[in-house]
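Student: I have a protein model open and would like to understand the words people use for it. Could you go through them with me?

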Amino acid sequence: MDFRQLRTFSCVAELGSLSKASDTLRVAQPALSRQIKLLEHELRAELFTRNGRGMVLTEAGRLLLARTSGIVRQIDQIRDDIQSSQGPPSGQVVLGLVPTVSCVLSARFARRCVETYPGISLRIVESYSGHLVEWLHRAEMDLAILYGRSADLHLTTQSLGRDQIVAVGPRGCGLSRKKSVDIGWLLRQRLVLPSHSHGLRALIEHAAAQKKIKLDVKLEADSFRVLTSLVEEGLGFALLPPSSVHGEVADGRLEAAPISKPMSRELIVASPIDRPVSTATAAVTALLREEIAACRKEGVWDIKLA
C-alpha cells in the first residue's frame, strides 16, 4: 500500500463515487479506478461494491477505512503544517458541533473563519456527543464542541463554560409569565426528550431520580429540529439551553422559563489525545473561544464562561 492509493480509497469511500472523487482530487477516473484495483489486488479483498448508485464499502473496505482514515488525515496535516510555518494557517479542519451549539454558532463562526483564515477549509459536522466522541477517537475529526464530563472522555479537553438548561413549552403554555418553574412540577409534565443515549436525557433522568419522579415521556426525538417542532405543536415540554431556542422564543412560537433549581452542563472543546494539534486546528480553536465570548457579550448565548 502507498499513500496515494490510501488517499484515493479514503476519498472514494467518503464521497461514494469515483466521479466525485475525480473532481475533488483532480485526477482522471481511470487512474483512480486503477489505484483502487491495485489496492484490492494487494489486499486480496474487494473494498467496494459497485452499483448504479455509486461505490459502497464492503466489510473489508469498512475495516480498512476505520484503520487508515486517521493516518491519511495526519499525513495531510503534516503537509499543511509545513506550509503554514511559512505563512498564514492553511489546510482542512473538521469541526464537530452538538445540535444545540450548532444552531447558535455554526453560521456566524463559519463566516468569521472564512474572513480571518482564507487558507483554512472548514468542515462542520453536526451530531450528538456520543458520535462526536467516537469520531474524535478514530481521528476522523480534529476538534468538537460538546457536552460532558471531560474526565470521562479520554480526550484532550478544555472547558469553555457551563450552559444553563431552561423549561421550554409551546405558545400559550404560560412559561413566559413565570419568573421560574419548580423542577418537580416540570418533571411531572408530559415531556419531549432525546433518547437515552443523549447526555441531556441522562441529566434529566438523574434529576427525576433525585425527586423520585417517574417521567412521562410519550415522544422522543434525536433530531433537535424535530424535538422543538414537537414542542411547538403542544405535544409536551422540553428542557434545553435558552440559546438554542432564542429565535423561536423571540418570534412567540415557544415560551421558556428558568428552572428554580438551576441545571447546567459543562461545555468543552475536545480533540484526539494521541495526535499533535495542527497549526490550522489551533487557530480555529482560538477563534472559537473568541466567537463564543462575542456571542455571550451580544446576549445571543447565556453561557457562564470558564
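Student: How do the residues of the lining of the largest pocket divide into nonpolar, polar and charged?

Tutor: Happy to help, and keep in mind that this model is predicted. The lining of the largest pocket has 10 nonpolar, seven polar and nine charged residues. Closest to the centre of the second largest pocket, to look ahead, are Ser-129, Tyr-147, Gly-148, Gly-199 and Leu-200, among 25 lining residues.

Student: What makes Gly-148 count as polar in such a division?

Tutor: Gly is placed among the polar residues by definition, so Gly-148, which lines the second largest pocket, counts as polar there. That lining holds nine nonpolar, 10 polar and six charged residues.

Student: Which element gives the largest share of the lining of the largest pocket?

Tutor: Helix α4 does, with eight residues. Among the others that supply at least two residues each are α1 (3-15) and β3 (91-97). The space in this pocket is about 790 Å³. Ser-10, Glu-14, Arg-73, Gln-92 and Arg-123 are the closest to its centre, out of 26 lining residues.

Student: Why are β1 and β2 called a pair?

Tutor: Strands pair if at least two bridges are found between them. Four bridges join β1 (residues 48-51) to β2 (residues 54-57), so the two strands meet the definition. They run antiparallel, and Thr-49 stands opposite Val-56. A hairpin of two residues links β1 to β2.

Student: What makes an empty space a cavity and not a pocket?

Tutor: Rolling a probe the size of a water molecule over the atoms shows where empty space is left. In a cavity the probe fits but cannot get out, whereas a pocket is open. The search of the whole structure finds two cavities of 30 Å³ or more. The largest cavity has a volume of about 50 Å³, and the second largest holds about 40 Å³.

Student: Which classes of residue line the second largest cavity?

Tutor: Its lining has six nonpolar, two polar and no charged residues. Pro-194, Phe-224 and Leu-240 are among the residues there. Because Pro, Phe and Leu are on the nonpolar list, these three count as nonpolar.

Student: How many of the contacts in the chain with a separation of 6 or more join residues 24 or more positions apart?

Tutor: Such residues account for 74% of them. As for burial, 48% of the 306 residues count as buried, which means that each of those has under 20% relative accessible area.

Definitions and conventions. Residues numbered from 1 in each chain as written. Predicted model: local features only at pLDDT ≥ 70, side-chain atom pairs only at ≥ 80, totals over all residues. Heavy atoms only, no water. 1 Å grid on protein atoms, 1.4 Å probe; cavity = no way out; pocket = protein on both sides within 12 Å on 5 of 7 lines; lining within 4 Å. Points joined across faces, edges and corners; volume = space filled by probe spheres on them. Buried < 20%, exposed > 50% of the residue type's maximum accessible area, 1.4 Å probe, protein only. Contact = heavy atoms within 4.5 Å.
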